[in-house]
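Trainee: Please choose one part of this model and go through it closely, giving the cut-off behind each term as you use it.

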Amino acid sequence: MTLTTDPPAETTTTELLHFSDVAMTFPNGTTALSGVDLTVKKGEFVTVVGPSGCGKSTLLRIASGLTPATAGQTNVATKRIGYVFQDATLLPWRTVQANVELLAELNGIPKKTRVAEAAKAIELVGLAGFEKHLPKTLSGGMRMRASLARSLTLDPELFLFDEPFGALDEITRERLNDELIKLFTEQQFAGLFITHSVSEAVYLSTRVVVMSGRPGKIVETFDVPFAYPRDPEIRFTPEFAELAGEVSHALRLGHS
Ligand SMILES: Nc1ncnc2c1ncn2[C@@H]1O[C@H](COP(=O)(O)OP(=O)(O)OP(=O)(O)O)[C@@H](O)[C@H]1O
């Protein structure tokens with residue numbers, strides 16, 4: 001297994017993540033991933049869909065550097081990595097402002113700078129006015145916004161999302177999808193996003209990657225042709241339905 005933080009000579013600098021023949025077998029013998037090839041470039045938003053337990057979260061953990069792969073080549077060309085989980089993971093005793101400042105604080109950023117960075121991130125996610133609130137006084141969608149803001153203070157070049165909206169109601173989820181698209185187009189990070197929702201995958205992404213059941217491997221890739229910013233109404237067009245149908249079909253084939 002090779003983990004490097006600089007791009008290999010043969011790749012371009014816009015390639016932020018490059019997996020070649022990556023595999024992951026845990027010490028208990030479970031092989032979660034096998035033969036995964038994946039590249040994510042600046043300006044791309046790649047969503048991974050796949051059956052439960054096929055290794056999607058493992059893939060993200062490897063991308064973040066939290067878990068080393070056991071085989072293959074893993075190249076992540078940036079240290080500015082944002083990571084958002086399904087659970088907003090806010091500290092309950094800290095206000096929104098103090099939660100959003102947390103990563104900058106852990107990175108030793110001076111108070112004045114991190115206050116300014118947190119204020120900017122809070123504004124970007126639409127939480128201005130809620131700086132002094134504690135997490136328990138926020139809705140699920142607002143907590144997720146605070147979690148997004150916390151990662152935004154790192155000014156990520158590569159943003160990893162592990163099913164961040166899976167626990168939210170449909171309307172809140174759709175609203176956050178639109179806000180995430182806005183952030184993606186404004187902030188210019190590369191996104192790697194996991195979801196169980198085919199519609200969310202197609203709506204958000206430049207590319208949708210379908211994984212097979214465990215050990216997960218990529219069985220099909222779909223380029224999404226819709227321009228950004230995306231009109232929420234595209235979800236009701238025949239083109240969208242056709243693409244979502246193809247992704248669902250690949251997902252079912254990968255299952256069997
Ligand atoms: N630390 C670990 N030790 C042993 N097995 C693990 C470990 N972490 C994950 N696994 C196993 O690896 C497989 C892939 O897990 P992972 O969480 O990556 O799947 P997933 O596709 O994200 O699942 P879901 O969609 O249900 O969240 C599962 O069978 C899981 O039980």
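Mentor: Two strands are taken to pair if DSSP finds at least two bridges between them, where strands (E, at least two residues) and helices (H or I, at least four) are DSSP runs numbered from the N terminus. The model is predicted, so local features need pLDDT of at least 70 and side-chain atom pairs count only at pLDDT 80 or more, whereas totals for chains, interfaces and linings use all residues. Residues are numbered from 1 along each chain as its sequence is written, and side-chain values use heavy atoms, with hydrogens and water left out.

With those terms in place, strand S9 (residues 207–211) and strand S10 (residues 218–223) run antiparallel and are joined by five bridges. The connection between S9 and S10 is a hairpin of six residues, and across the pair Val-209 stands opposite Thr-221 in S10.

The part I would examine most closely is the set of aromatic rings. Rings of Phe, Tyr and Trp (its six-membered ring) pair if their centres lie within 6.5 Å, with planes under 30 degrees apart called stacked, over 60 edge-to-face and the rest tilted; by this rule there are 12 aromatic pairs. One of them is edge-to-face, because the rings of Phe-45 and Phe-184 have their planes at 80° and their centres 5.3 Å apart. Since Phe-45 belongs to strand S4 (residues 45–49) and Phe-184 to helix H5 (residues 170–187), this pair ties together parts that are 139 residues apart in sequence. Both Phe-45 and Phe-184 are buried, a term that means under 20% relative accessible area, with exposed meaning over 50% and partly exposed in between (1.4 Å probe, protein chains only).

Phe-184 also pairs with Phe-189, and this second pair is tilted because the ring planes meet at 55° with the centres 5.8 Å apart. Phe-184 counts as buried because its relative accessibility is 6%, and Phe-189 likewise because its value is 1%. Ring pairs link these residues into a cluster that includes Phe-45, Phe-159, Phe-161, Phe-165, Phe-184, Phe-189, Phe-193 and Tyr-228.

Charges also sit over rings here, which requires NZ of Lys or CZ of Arg within 6 Å of the ring centre and within 35 degrees of the ring normal. Arg-230 lies over the face of Tyr-228, a member of that cluster, at 4.0 Å from the ring centre, while Arg-235 is placed over the face of Tyr-203 at 3.7 Å from the ring centre.
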